[in-house]
Amino acid sequence: MADALVTSTSAVHRSVARLQQAGLCRPSSRTVIRPALDEFLRHGVRYAFPPVLGPERVGVPTTIAHPDVLRLLTDSVDSRPLVWASDLGTARGESIAPLFSGVPAVATRDPRLHELLACVDVLRAGSERERQVVGEWFSERLLGSSTPS
């Protein structure tokens with residue numbers, strides 16, 4: 001997991017321990033508790049990881065700068081495109097600090113994870129309507145059905 005997230009084994013170990021302590025991961029099996037994760041993403045991620053915006057930069061696209069996220073939000077694009085500032089990207093937009101320093105490298109190596117991280121950034125920095133749409137999308141993926149907010 002450390003290699004996939006471009007971080008150290010000790011950082012992964014500490015993160016899993018925090019997830020277990022927060023009730024997002026089962027201590028015995030280290031599996032994610034999907035309803036708890038859904039609740040955290042919809043209602044807590046923007047408070048636990050508030051968006052830190054910066055100047056316009058070149059970087060890896062996130063939020064509506066990611067084409068799959070833009071397609072998801074076709075009816076309601078209220079926000080500006082954001083990027084994770086990095087030499088690894090070619091998009092230009094206002095910068096946002098990523099959840100962790102390895103995000104641009106992870107995103108360029110794993111398209112599926114890139115999309116998920118870009119959606120998390122919508123939950124952090126998007127408009128209320130965008131957060132609603134992406135929250136429902138996450139609920140469908142995590143729980144198999146839409147849940148009320």
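Begin with the salt bridges: in this predicted model, the count comes to 5, and the stops below visit some of them before moving on to the nonpolar cores.

Select Arg 92 and Glu 56 and display their side chains, which meet in a salt bridge with an N to O distance of 2.9 Å. This pair links distant parts of the chain, since Arg 92 belongs to strand E3 (residues 91-96) and Glu 56 to strand E1 (residues 53-62), with 36 residues separating them. If you switch on a surface, Arg 92 is exposed, at a relative accessible area of 53%, whereas Glu 56 counts as partly exposed, at 49% relative accessibility.

Stay on strand E3 and select Glu 94, whose side chain meets that of Arg 80 in a salt bridge of 2.5 Å, N to O. Here too the pair links distant parts of the chain, for Arg 80 sits in the loop between helix H4 (67-72) and strand E2 (82-85), 14 residues from Glu 94. Glu 94 counts as partly exposed, with a relative accessibility of 23%, and Arg 80 also counts as partly exposed, with 36%.

Next, move to helix H6 and select Arg 124 together with Asp 121, which lie 3 residues apart in that helix, about one turn. They form a salt bridge in which the closest N and O atoms are 2.6 Å apart. Are these two residues buried or exposed? Both Arg 124 and Asp 121 are buried, which means that each has under 20% relative accessible area.

From here, turn to the largest nonpolar core, which has 16 residues. Select Leu 41, Val 69, Leu 73, Cys 119, Leu 123, Val 134 and Phe 138, the members that touch the most other members of this core. Colouring by helix is useful at this point, as helix H6 (111-125) and helix H7 (128-143) each supply at least two residues of the core, and the largest share, 6 residues, comes from H6.

Now centre the view on Leu 123 and show what surrounds it. Leaving aside neighbours within four places in sequence, Leu 123 is in contact with Leu 41, Val 45, Arg 46, Arg 131, Val 134, Gly 135 and Phe 138. Of these contacts, Leu 41, Val 134 and Phe 138 have already appeared among the core members just selected.

For the last stop, select Val 60, Ile 96, Val 103 and Val 106, which are among the 9 residues of another core, lying apart from the largest one. As a general point, nonpolar side chains tend to be buried together in soluble globular proteins.

Definitions and conventions. Residues numbered from 1 in each chain as written. Predicted model: local features only at pLDDT ≥ 70, side-chain atom pairs only at ≥ 80, totals over all residues. Heavy atoms only, no water. Core = buried A, V, L, I, M, F, W, Y, C linked by side-chain atoms within 4.5 Å. Buried < 20%, exposed > 50% of the residue type's maximum accessible area, 1.4 Å probe, protein only. Helix = DSSP H or I, 4+ residues; strand = E, 2+ residues; numbered from the N terminus. Contact = heavy atoms within 4.5 Å. Salt bridge = Lys/Arg side-chain N within 4 Å of Asp/Glu carboxyl O.
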